[in-house]
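Trainee: I should like to take a close look at one part of this structure. Could you take me through the pocket and the charged side chains around it?

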Amino acid sequence: MKILYLEDNLDLANSMINGFEKIFGFNKDDITWFTSVEQALEACVPGKYDLVVTDSNLLGKLRGEDLIRIIKKQEPNLRCVLMSGNFSRVEAKGMKQDFVIDRYISKDSDTFEELEEEIIKVRSQMEQELLS
C-alpha cells in the first residue's frame, strides 16, 4: 500500500511518518512525503498511490483541498483524507457531501485511530480487487 502524505510542518510530518511505521507497519518506501501541493501533483501519477493524507493549511497558493479536487478528477476512487486543526466540521461535512474528501480528521482528535479506519478500508478494497 502506497501513501501520498502532504504536510509542511516538519515536526508533525516526522511524528506522522513514525506513526505510520510503528502503528501500521509501513516502511519508508510506502510513504511519500511532500511539503507542497505543487510537489505532490508533480509526483502523483494515476495508480501510484492507494491513499492520500493531506493537511489543509499549507504554505503556498494551493491548499490540501485543492490537491484532493485535482486528484479526484483523475482518480475518483482514490481515498483522500483531509487533516486540519483549523477547519470546521461543517466545512468538512460539506466537502464530503460534494465527494471531494472521503474523510476529515481533526488534528485535535485521535488521528491515528481515525487513520486506521481509512487504512483498513483501503486494504480491504485492494484485497477485493485482487480477488476479482
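Mentor: The model is a predicted one, and its largest pocket has a volume of about 230 Å³. The lining of that pocket is made up of Gly-47, Tyr-49, Asp-50, Glu-75, Asn-77, Leu-78, Arg-79, Val-122, Gln-125, Met-126 and Glu-129. Among the contributors to this lining, helix α5, which spans residues 111-131, gives the most, with 4 residues. By character, the lining residues divide into 4 nonpolar, 3 polar and 4 charged.

One of the lining residues, Arg-79, deserves particular attention. Its side chain meets that of Glu-118 in a salt bridge, at 2.7 Å from N to O. This pair links distant parts of the chain, since Glu-118 lies in helix α5 and Arg-79 in strand β4, 39 residues apart. Arg-79 also forms a salt bridge with Asp-102, where the closest N and O atoms are 3.9 Å apart. That pair likewise links distant parts of the chain: Asp-102 sits in the loop between α4 (89-97) and β5 (103-106), Arg-79 sits in strand β4 (residues 79-84), and 23 residues separate them.

How far are these side chains exposed or buried? Arg-79 has a relative accessible area of 14% and is therefore buried, the cut-off for buried being under 20%. Asp-102, at 18%, is buried by that criterion, and Glu-118, at 1% relative accessibility, counts as buried too. Each of the three partners in these two salt bridges thus falls in the buried class.

The two bridges of Arg-79 belong to a wider arrangement. Salt bridges that share partners join Arg-79, Asp-102 and Glu-118 with Lys-72, Arg-103, Glu-114, Glu-117 and Lys-121 into one network. In general, side chains of opposite charge can pair when their charged atoms come close. A search of the whole structure finds 11 salt bridges.

Another of these salt bridges is formed by the side chains of Arg-63 and Glu-65, which meet at 2.9 Å from N to O. Within this pair, Arg-63 is partly exposed, with a relative accessible area of 32%, whereas Glu-65 is buried, with a value of 7%.

To return to the pocket, Arg-79 is the residue to keep in view: Arg-79 is one of the residues that line the pocket, and Arg-79 pairs with Glu-118 of helix α5, the helix that gives the most to the pocket lining.

Key
Residues numbered from 1 in each chain as written. Predicted model: local features only at pLDDT ≥ 70, side-chain atom pairs only at ≥ 80, totals over all residues. Heavy atoms only, no water. 1 Å grid on protein atoms, 1.4 Å probe; cavity = no way out; pocket = protein on both sides within 12 Å on 5 of 7 lines; lining within 4 Å. Points joined across faces, edges and corners; volume = space filled by probe spheres on them. Helix = DSSP H or I, 4+ residues; strand = E, 2+ residues; numbered from the N terminus. Nonpolar A, V, L, I, M, F, W, Y, C, P; charged D, E, K, R; others polar. Salt bridge = Lys/Arg side-chain N within 4 Å of Asp/Glu carboxyl O. Buried < 20%, exposed > 50% of the residue type's maximum accessible area, 1.4 Å probe, protein only.
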